[in-house]
Amino acid sequence: MPQRTGATEQAPSAPSLARQPLPRVWLVPILGALVLGLVLAVALALLRYRIDQTVRATTEDDTRAMAASLQLRLDGNQDYLHLLAAERADGALEFESFQARAAPFVESHPELINITWVDASLVIRDVSPREANRQIIGLRLELTEPKRAALWARQTRLPAYTRPFVAIQGMNSFEVWMPVFAGDEFRGLFAAVYSSERLLEQAVPPSFGARYHISLADETGSILSELGDGNGGEGGFALRVPLASLDNGLAVVVEPKGRQSIGWGMLLLLFLCGLSLLGMLYGTWALRRELRHRLETETALRTSQENLRTSEERFRLAVQSAHIGIWDLRPTTGVLTWDARCKELFGLPPDAQVDYDVFLAGLHPEDRERAHQINQAALRGEDGGYYSTEYRTVGLQDGRLRWILAQGRAYSDEKGQVERYVGTVRDITPQKLLEQGLNEAIRTRDEFLSIASHELKTPLTALKLQTQVIQRARLKGGGTSLPMDTLIRIIQGIDRQVDRLTRLVEDMLDVSRLKTGKLAIQREEVRLVELIHEVVERLRPQLEAVGCPLTVELDETLVGFWDRYRLEQVFTNLLSNCMKYGAGKPVTLAVQKDGEHVRIHVRDQGIGIAKEKQQLIFERFERAVPDSGISGLGLGLYITRGILEQHGGTIGVHSEPGQGATFEVELPLGPSPGR
Ligand code: ADP
């Protein structure tokens, strides 16, 4: 770790979820425009239809009004002719008075060309106004229509209208003929001559002319006169209303001028209305979509935060249960973060401030430099920035030694600059101790094997020597050359070596029995004085041989309930050790009763045992004198302790190196039936 700073811890930033962009749907505005066009077309068609209906209805009303106006004017004129006819029949209307009466009437009714008087022989006798029409006076009624109408009027005694025709004045005209009878005497007829053109002009209000193309037509449909520019209407239809009372096929034909158009302003307004409506609909739709999307995004965000919290919680629990500590270093700022477990493994309280110097200070001095170099290598990106190592910490506040497995990884940005360096620490002290124990056990076992092979070899070598002596003697003299006492000594020697071998093998078997819990004890009543006597007697030759005078202090009444054979083993082992490690010095065996127990002290004045070894010597294969040259497998005290524990007893030692050793045994008297 390149920087060493005292910066404080930082909180990690909260996770975030990028908002998903909305997909663009171009189809929506296009479809909207199409729908708008369709709606506009339908709206326009409806409007057009409505306008046409209104125009048709208005035109019908106006046409009927025009027809009624024409009819009224014609009827009025006809009434006036009636009046003239009545006066003529009475003889009240003479030549001059006719002019005086009719001329002003014609002048005030421009639709009339004149009023003509025809006598009973159908010759035109007078006309008003006379000056303008003088040329027709005296003419006989020859034109087909006037003649037909006149004759018909005379016959029916009723007014009769001609069909339209071209008058002498060259105008399209028609006439109404009024017969004059004085009683049954037919005296002639008055005719009112109409100009079709002027009739229209007089009868139709000027405002109608602006809106309609109006014409008078005969029964064949031929136009007699028309108002306007002479072109037909463009309204798409024409209404024809016959002037029924005339009975001459005359009809008013009305066509609306031009089609009522829908103005640009209206179109624009409609379009804008439609557009804003569409815009509102699109806006509402887009808003709903946006809201839904936002809701979905928020839900996804909440779910993801929930999942994150859950996985963080799981991770935290996993870390806690695994007793793993986590550290995090930001090389750019030098900020180092340790969790509580990490601090604990460096012997610090949870609220301790940490930095890289604290880390180094917490390491065992022998591991400090190596751990620092490993961190540097990871930060340089060696091995992909990974590292895994073991080091020891010495608790900064609690002083405890701990073995730590540390692992970490340096994360670099695209430029190779390390952004983050994180990892874990785990307490592996128990494994390490176990490992050390195992290594120690292996070492001890190997040592034992080497000693055991040596121990086994010694009696075997002795045996071999004995047998070689016999072999040589047999070769020399056929087996009779050895004196008897020599032979007996050899046989005793062989016996001792076999005993020794047997003991070694027995010891090893006992170790195995103890280990597997199969060292069963057979209790019986034992008089301790007898048992000790037997052991001492058996060992006496050896005691003498090594120069160890033995003193026994014993309460001779002591009786216990023990396994006789195993108890012999205990005394044999303890006394044998005195001979091995205290040769040439006195040995004391003291036994005394202490309540329900027996206390046994076996004391020598030999080499003694170092303090730190005093507990170990009761373990398997443990020897306090590995290189002393004194033979032994390191099993005797282990077996002794095992036997005593099987009896509910204990064993301990007091010793100073060079001052001899005192082994102290406490043995319950045992659960005999009498006690
Ligand atoms: P062994 O004697 O075969 O090595 P033991 O189990 O009897 O095995 O003894 C274990 C060790 O204890 C010995 O190796 C020796 O170092 C030490 N020891 C036992 N008895 C004595 C003693 N009386 N004086 C000094 N050391 C002793």
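Student: Is A43 buried, exposed or partly exposed?

Tutor: Go by the relative accessible area. Under 20% means buried, over 50% means exposed, and partly exposed lies in between. A43 has 26%, so A43 is partly exposed. Keep in mind that this is a predicted model.

Student: In which element is A43?

Tutor: A43 sits in helix α1, which covers residues 27-89.

Student: How far apart are the C-alpha atoms of A43 and L270?

Tutor: Separation along the chain and separation in space are two readings. Along the chain, A43 and L270 are 227 residues apart. In space, their C-alpha atoms are separated by 8.8 Å.

Student: What do the two readings give for T389 and L70?

Tutor: These two are 319 residues apart along the chain, and their C-alpha atoms are separated by 124 Å. T389 belongs to strand β13, residues 386-394.

Student: Why does T389 count as buried?

Tutor: Use the cut-off again: buried means under 20%. T389 has 9% relative accessibility, so T389 counts as buried.

Student: Where is I643, and is I643 buried or exposed?

Tutor: I643 lies in helix α15. Its relative accessibility is 0%, so I643 counts as buried. Its C-alpha atom is 9.6 Å from that of D510, with their positions 133 residues apart along the chain.

Student: Now the backbone. Which residues does the cis peptide bond join?

Tutor: Read the omega angle. For the bond joining S128 and P129, omega is about -5°, and the bond is cis. P129 falls in the loop between β2 (124-128) and α3 (130-133).

Student: What is phi of H323?

Tutor: Look at the sign and the residue type. Phi of H323 is near 55°, a positive value in a residue other than glycine. H323 is in the loop between α7 (264-321) and β11 (324-330). With 48% relative accessibility, H323 counts as partly exposed.

Student: And what is phi of F621?

Tutor: Near 60°, again positive in a residue other than glycine. F621 is in the loop between β20 (597-603) and α15.

Student: Is F621 buried or exposed?

Tutor: The relative accessible area of F621 is 17%, so F621 is buried.

Student: On to the ligand. How many residues surround the ligand?

Tutor: Start with the shell, then look at single contacts. 20 residues surround the ligand. The closest are K580, Y581, D604, R623 and L637.

Student: Which classes make up that shell?

Tutor: The shell has 11 nonpolar, 5 polar and 4 charged residues.

Student: Which polar atoms of Y581, L637 and V625 lie by ligand oxygen atoms?

Tutor: For each, ask whether the atom is in the side chain or the backbone. Y581 uses its side chain: an N or O atom there is 2.7 Å from an oxygen atom of the ligand. L637 uses its backbone: a polar atom there is 2.8 Å from a ligand oxygen. V625 also has a backbone N or O atom 3.4 Å from an oxygen atom of the ligand.

Student: How much of the ligand does the protein bury?

Tutor: Taken alone, the ligand exposes 520 Å², and the protein buries 97% of that. The space taken by the ligand is the largest pocket.

Student: Which elements give two or more residues to the shell?

Tutor: They are α14 (564-581), α15 (636-646) and β22 (661-668). The largest share, 3 residues, comes from α14.

How values were computed:
Residues are numbered from 1 along each chain as its sequence is written. This is a predicted model: local features need pLDDT of at least 70, side-chain atom pairs count only at pLDDT 80 or more; totals for chains, interfaces and linings use all residues. Side-chain values use heavy atoms; hydrogens and water are left out. A residue is near a molecule or strand if one of its heavy atoms lies within 4 Å of it. A polar contact is a pair of N or O atoms within 3.5 Å; within protein, one must be able to donate a hydrogen and the other to accept it, and residues adjacent in sequence count only if both atoms are side-chain atoms. Accessible areas come from the Shrake-Rupley method with a 1.4 Å probe; for residues, only the protein chains shown count as cover. On a 1 Å grid over the protein atoms alone, a cavity is a set of points where a 1.4 Å probe fits but cannot get out, and a pocket is an open set with protein on both sides within 12 Å along at least five of seven lines; lining residues have an atom within 4 Å of a point. A molecule sits in a cavity or pocket if more than half of its atoms lie within 2 Å of its grid points. Helices (H or I, at least four residues) and strands (E, at least two) are DSSP runs, numbered from the N terminus. Ala, Val, Leu, Ile, Met, Phe, Trp, Tyr, Cys and Pro count as nonpolar, Asp, Glu, Lys and Arg as charged, and the others, Gly among them, as polar. Buried means under 20% relative accessible area, exposed over 50%, partly exposed in between (1.4 Å probe, protein chains only).
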